[in-house]
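Reader: I am in my first year and would like to take a close look at one part of this model. Could you take me slowly through the part of chain A that meets its surroundings?

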Amino acid sequence: MSNAAVEVAGLWAGYNRHTALRDVSFTIEPGCLAGLVGPNGSGKSTLMKVMLGLHQSWRGAVRIFDKDGKEYKGRIGYTPQFELIDWAFPVTAYDVVLMGRYGKLGLVRRPTKRDHEIAMQALERVGMADRRQRGIGELSGGEQRRVLVARALAQESDLLLFDEPLAGVDATAQHDLLRLLEELRVDGQTLFVATHDLSCVAANFDHVVLLNRSVVAFGRAEEVFTEELLSKTFQRHLLVLPGEDRTFVGP
Amino acid sequence: MTEILDFLREPFSLEFMQRGLIAAVLVSIVAAVVGSFVVLKGMAFVGDALPHASFGGVAVAFVIGANLQLGAAIGALLSALAIGFIARRGLVRYDTAIGIIFLASFALGILLVSRQRSYTVDLFSFVFGSVLAVTWNDVWIILAVSLGILLFVGLFYKEMLFTAYDPTMAAATGIPVAAMQYGLLALIGLTVAVALQVLGIVLVLAMLVAPPATAQLLTRSLPAMMAVGAVVGVLSSIAGLFIAWHADVSASAAIVLVATGFFALALALSPRQGILAKLRQPITDEDEAEFTNGRDPAEAGHTTG
Ligand SMILES: Nc1ncnc2c1ncn2[C@@H]1O[C@H](COP(=O)(O)OP(=O)(O)OP(=O)(O)O)[C@@H](O)[C@H]1O
Ligand SMILES: [Mg+2]
């Protein structure tokens, strides 16, 4: 019996014969903003896909709010990695957010008034309600991320997984998104955010899992963001500069 | 005045022209609806492969003396599902799977037909289309299959939209993505099967692609794209048959040429992406506003850095 939001134990997974995750174990406490930090190809997306039930693990267990991960299939809020999304598709921001409700509806059934209300609230939460009728491809990078976050919110889940929500947007948009994630944490959500970009996120996470195929370290951000552990994760020497409200990390 | 009306009405006063028109209109409506997914998902190669693959089914039906239409449908459907199956295993690339399946089926068709002493007109009508030879029986079959396809899209619209737009996320929220992807392939297969008789193997792809691509330039939502695509397809069918009658040329070729003409027109005149629109307004007010709002990454980084 545990009261962790996420408990991953002895997880192995990969593709054909390629091992992407070896013996991964960690826990995430409820109501915290947890980071999943590792370089490109370290298995962050694979880990998230296993947690979501989108990719079959070879061995090990995922427990979510003390239930077997399979029981949670379809009930975890999620934003996929940005590059996987088709921005030329003719849908509006509103259409995209409403999709967050589709899984709950069941086959054939149409969105109800309640689903529309929830989609609208999610858009308001991320400050995109006024631009909801814009085509998804006509929004700026930062706005597109917000729409994806709103879609995850519309899923009405206690656990949200974000795969690289900060990649490729400018500093202002990154800052705004991080503030939004912190607000969601304050609301009592549990967030798990994958990133390979250390430049400005270090001090925003409560807990961090350092991943490079296997878990290099996990724990409170202050304890984990050390030069030694980060260098081990990224396989090159990194310099940690403690700042006022942020820790900057440079090569 | 009455002369002009007669000129317009004349082709469609004959029953075989009416039957052809009904068949072409039905086919262009389903082709626009299903073709919208084909265009958005970049599946044109599937749209080209399935008509060719159906030739295997036609040839088998021809040899055993079965209904050719049914043979075409079974050939297209089996090939569609085989493509989906191989692609899902992930062992070979999607386009490789398509290429292998369609060439195997097409080669089987050629092999079987090469054994026959006389190629009948029937077989050739599948290659080039024979819209003016459709019977009332054919029309009823096309109508039933078309309604079935539209019903499927209507019922599972939400699942098809989500799967097409973002399959990873759709799967994560519990949408049966695999079933929807097979479903779409089967719909393309069925559309191809009914369109074959009207357009022929070589030209089916044009009606799956040209009207929805035209609509995509003019619309900004999937339902609108389907609707405008259907209108373009229907207009192409009417105009194509009309031209074919008066100029005594191939009906399927005329229909396809009118449809591609619509596409060229939309490309030139589209309010957003159009060539003319771009020539007329080098820099708009909106571009300026966007720049000064600091959307330019370099700008934004500078002000906060
Ligand atoms: N569909 C796939 N088929 C085969 N191998 C894959 C597949 N997806 C990922 N991999 C491999 O698994 C490993 C982990 O990939 P994953 O996408 O999980 O990394 P990541 O940490 O998310 O990287 P990034 O920061 O680039 O997003 C990589 O070596 C990658 O090449
Ligand atoms: Mg990734």
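Author: What follows looks at chain A from two sides, beginning with the ligand and going on to the partner chain. Please keep in mind throughout that this is a predicted model.

Around ligand 1 there is a shell of 15 residues, and the closest of them are A:Gly41, A:Lys44, A:Ser45, A:Thr46 and A:Gln81. If you sort this shell by class, you find nine polar residues, three charged ones and three nonpolar ones. Two elements of chain A, the strand β2 (18-28) and the helix α1 (44-52), each contribute at least two residues to the shell, and α1(A) provides the largest share, with three residues.

Some side chains can be followed down to single atoms. In A:Thr46, an N or O atom of the side chain is 2.5 Å from an oxygen atom of ligand 1, while A:Ser45 places a polar side-chain atom 2.7 Å from an oxygen atom of the ligand. A:Asn40 also takes part, since one of its polar side-chain atoms lies 2.9 Å from an oxygen atom of ligand 1. As for the ligand as a whole, it would expose 630 Å² if taken alone, and the protein buries 63% of that.

Turning now to the partner chain, 36 residues of chain A are in contact with 30 residues of chain B. The size of an interface is often given as the accessible area lost when the parts come together. For chain A and chain B this buried area is about 2900 Å², of which 63% is on carbon and sulfur atoms. Within the area that chain A buries against chain B, A:Phe89, A:Pro90 and A:Tyr102 supply 22%, which is more than any other three residues.

The interface also has polar and charged pairings. Two salt bridges are found across it, and in a salt bridge between the two chains the side chains of A:Arg151 and B:Asp166 meet at 2.8 Å, counted from N to O. Counting residue pairs in polar contact between chain A and chain B, with both residues at pLDDT 80 or more, gives eight.

On the side of chain A that touches chain B, the helices α1, α2 (93-105), α4 (141-154) and α5 (171-186) each supply at least two residues. The helix that gives the most to this side is α2(A), with five residues. By class, the residues of chain A on this side divide into 19 nonpolar, 10 charged and seven polar. The helix α1 therefore deserves a second look, because it supplies at least two residues to the shell around ligand 1 and at least two to the side that touches chain B.

Methods:
Residues are numbered from 1 along each chain as its sequence is written. Chains are lettered from A and ligands numbered from 1 in the order in which they are written. This is a predicted model: local features need pLDDT of at least 70, side-chain atom pairs count only at pLDDT 80 or more; totals for chains, interfaces and linings use all residues. Side-chain values use heavy atoms; hydrogens and water are left out. A residue is near a molecule or strand if one of its heavy atoms lies within 4 Å of it. A polar contact is a pair of N or O atoms within 3.5 Å; within protein, one must be able to donate a hydrogen and the other to accept it, and residues adjacent in sequence count only if both atoms are side-chain atoms. Accessible areas come from the Shrake-Rupley method with a 1.4 Å probe; for residues, only the protein chains shown count as cover. Helices (H or I, at least four residues) and strands (E, at least two) are DSSP runs, numbered from the N terminus. Ala, Val, Leu, Ile, Met, Phe, Trp, Tyr, Cys and Pro count as nonpolar, Asp, Glu, Lys and Arg as charged, and the others, Gly among them, as polar. Contact means heavy atoms within 4.5 Å. Buried area is the accessible area (1.4 Å probe) that two parts lose on being put together, summed over both. A salt bridge is a side-chain nitrogen of Lys or Arg within 4 Å of a carboxyl oxygen of Asp or Glu.
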